[in-house]
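This report introduces one helix of a structure and its surroundings. Please look at the sequence and the model before reading on.

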Amino acid sequence: MTKAELISVMAAEAGITKAAAAKALESYVATVAKELKKSGKLGLVGFGTFAVVKRKAREGRNPQTGKTIKIAAKKVVKFKAGKALADKVK
C-alpha cells in the first residue's frame, strides 16, 4: 500500500476529506519522529512499540568488489507489534 492509498482509505473510513486525512497522517508521522528523538520509545497499546536502538559498528563487504568495508555505528528504529495487531495479522 502506498501513502496515497493509505490516505484514501483513512479518508473513507473516517468520513473526512483526503486533505484532512493527509494532514492527520503527516501529523502522526511527525509526532512519532519527535517522540523517538526525545525519549527513544513510543508505545501504542494494542498496536505496538517503536524504539530507538544503537547498532554497533561492524565490517561488511562491498558486493561488487568483495572488499571489506567498515560500516559505522548508528541509531535505528525498531518496531515490535502488539498482541492485538499480531493476532489480527495471523
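The text below describes helix H2, its two sides and a surface patch.

This is a predicted model, in which local features need pLDDT of at least 70, side-chain atom pairs count only at pLDDT 80 or more, and totals for chains, interfaces and linings use all residues. Residues are numbered from 1 along each chain as its sequence is written, and side-chain values use heavy atoms, without hydrogens and water.

Helix H2 covers residues 18–38 (helices are DSSP runs of H or I, at least four residues; strands are runs of E, at least two; both are numbered from the N terminus). Its 21 residues should span 30 Å at 1.5 Å a residue (1.5 Å times one less than the number of residues), and the 30 Å between its end C-alpha atoms agrees. After H2 comes Gly-40, with a positive phi near 85°.

The buried residues of H2 are Ala-21, Leu-25, Val-32 and Leu-36 (buried is under 20% relative accessible area, exposed over 50%, partly exposed in between, with a 1.4 Å probe and protein chains only). They fall within an arc of 40° seen down the axis, so they line one face of H2 (the arc is that of the directions from the helix axis to the C-beta atoms). These buried residues pack against helix H1 and strands E1, E2 and E5 (contact means heavy atoms within 4.5 Å). The face turned away from the buried side carries exposed residues, among them Ala-19 and Lys-23.

Two residues compare as follows.

| Residue | Place | Relative accessibility |
|---|---|---|
| Lys-38 | helix H2 | 67%, exposed |
| Phe-47 | loop between E1 and E2 | 36%, partly exposed |
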